[in-house]
Amino acid sequence: MKIGVIGSGNIGGNLGKHWAKAGHEVLFTSRHPDQLNQLVQEAGGKAKAVSLDEAWEANADVYLLAVPFKAIDELSEHYAGEYKGKVIIDATNPYPKRDGAMAQEVRDGNLNASEYTAMKFGTAKTSKAFNTIYAEHLRDNAFRTSDKMAVPFAAQDEESKQITQQLIEDIGFESVYIGNLKDTHIMDPEQKIYGKSTNRKGLEAMMNK
Ligand SMILES: NC(=O)c1ccc[n+]([C@@H]2O[C@H](COP(=O)([O-])OP(=O)(O)OC[C@H]3O[C@@H](n4cnc5c(N)ncnc54)[C@H](OP(=O)(O)O)[C@@H]3O)[C@@H](O)[C@H]2O)c1
């Protein structure tokens with residue numbers, strides 16, 4: 001698959017490296033793609049660094065959003081039209097201290113964070129994944145062959161569900177489907193399964209509590 005990684009820090013950088021190792025074509029982006037050379041080298045394979053515009057123009061199969069939550073407003077203002085028909089995996093979390101008032105408004109509002117992202121980008125193919133796992137655990141626990149760490153995910157439609165599930169499993173995590181975006185409240189900061197690194201059994205036990 002061709003994967004556009006929007007935001008190549010702790011989450012996007014580690015995921016992109018895993019996906020490159022799994023044989024995917026990875027386009028790392030940030031507002032400063034010239035600073036991503038080391039990451040591209042570490043990723044090897046078919047990885048490269050491109051600008052945000054180039055990532056869109058490359059017509060990737062899927063785009064990972066791994067930017068600070070506040071960037072969703074700015075990015076969607078520029079790219080909502082373009083991303084409308086695309087699968088977006090949203091790994092972001094609203095943190096008022098980092099993201100300001102808009103994050104607090106989303107936390108206090110009626111939409112889950114993933115629904116906010118889907119609304120802003122005007123897409124019907126958004127999934128939520130990789131937002132509940134610490135970046136270090138994501139980095140250190142990929143490609144396990146036994147007792148795999150679980151990555152919960154939710155999706156808006158069948159295509160985003162299939163692609164997200166495959167991209168979780170391709171890098172050696174166990175995918176656990178939560179449901180539609182309306183069900184993702186338990187994945188949001190400070191909620192039931194947020195920040196919990198465990199296997200499928202452990203995760204399902206937490207979900208059913
Ligand atoms: N760290 C974790 O343990 C963790 C776990 C789960 C989920 N998350 C969530 O994942 C998201 C990313 O977290 P992170 O820790 O990976 O952050 P990070 O290390 O700070 O990386 C953020 C990336 O986004 C880029 N970026 C920032 N503002 C941007 C903008 N307006 N447009 C385009 N790119 C922009 C940054 O590069 P430039 O500044 O060069 O543009 C950088 O590549 C956050 O929403 C966070 O809450 C984090």
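Trainee: In the largest nonpolar core, which residues touch the most other members, and which helix gives the most to this core?

Mentor: In this predicted model, the largest nonpolar core holds 33 residues, and those that touch the most other members are Leu 15, Trp 19, Phe 28, Leu 64, Phe 130 and Phe 173. The element that gives the most to this core, with four residues, is helix α1.

Trainee: Which residues of strand β1 (residues 2–6) is Leu 64 in contact with, leaving aside its neighbours within four places in sequence?

Mentor: Leu 64 has contacts that include Gly 12, Leu 15, Trp 19, Ile 89, Ala 91 and Phe 130. Strand β1 spans residues 2–6, and the contacts of Leu 64 that fall in that range are Gly 4, Val 5 and Ile 6.

Trainee: Why is strand β2 largely enclosed by the rest of the structure?

Mentor: Buried here means under 20% relative accessible area. Strand β2 covers residues 25–29 and is largely enclosed because, of its five residues, the number buried is four.

Trainee: Which residues are the bridge partners of Thr 29 in β1 and in β3?

Mentor: Strand β2 runs parallel to β1, joined by five bridges, and it also pairs in the parallel sense with strand β3 (residues 48–50) over three bridges. Thr 29 of β2 is the bridge partner of Ile 6, and in β3 the partner of Thr 29 is Val 50. The two partners asked for are therefore, by the bridges that define strand pairing, Ile 6 and Val 50.

Trainee: What is the handedness of the β-α-β crossover from β2 to β3?

Mentor: Between β2 and β3 the chain passes through helix α2 (residues 37–43), and this crossover is right-handed.

Technical notes:
Residues are numbered from 1 along each chain as its sequence is written. This is a predicted model: local features need pLDDT of at least 70, side-chain atom pairs count only at pLDDT 80 or more; totals for chains, interfaces and linings use all residues. Side-chain values use heavy atoms; hydrogens and water are left out. Buried means under 20% relative accessible area, exposed over 50%, partly exposed in between (1.4 Å probe, protein chains only). Helices (H or I, at least four residues) and strands (E, at least two) are DSSP runs, numbered from the N terminus. Two strands pair if DSSP finds at least two bridges between them. A crossover is right-handed if, with the strands pointing away from the viewer, the path from the first strand over the helix to the second runs clockwise. A nonpolar core is a set of buried Ala, Val, Leu, Ile, Met, Phe, Trp, Tyr and Cys residues joined through side-chain atoms within 4.5 Å. Contact means heavy atoms within 4.5 Å.
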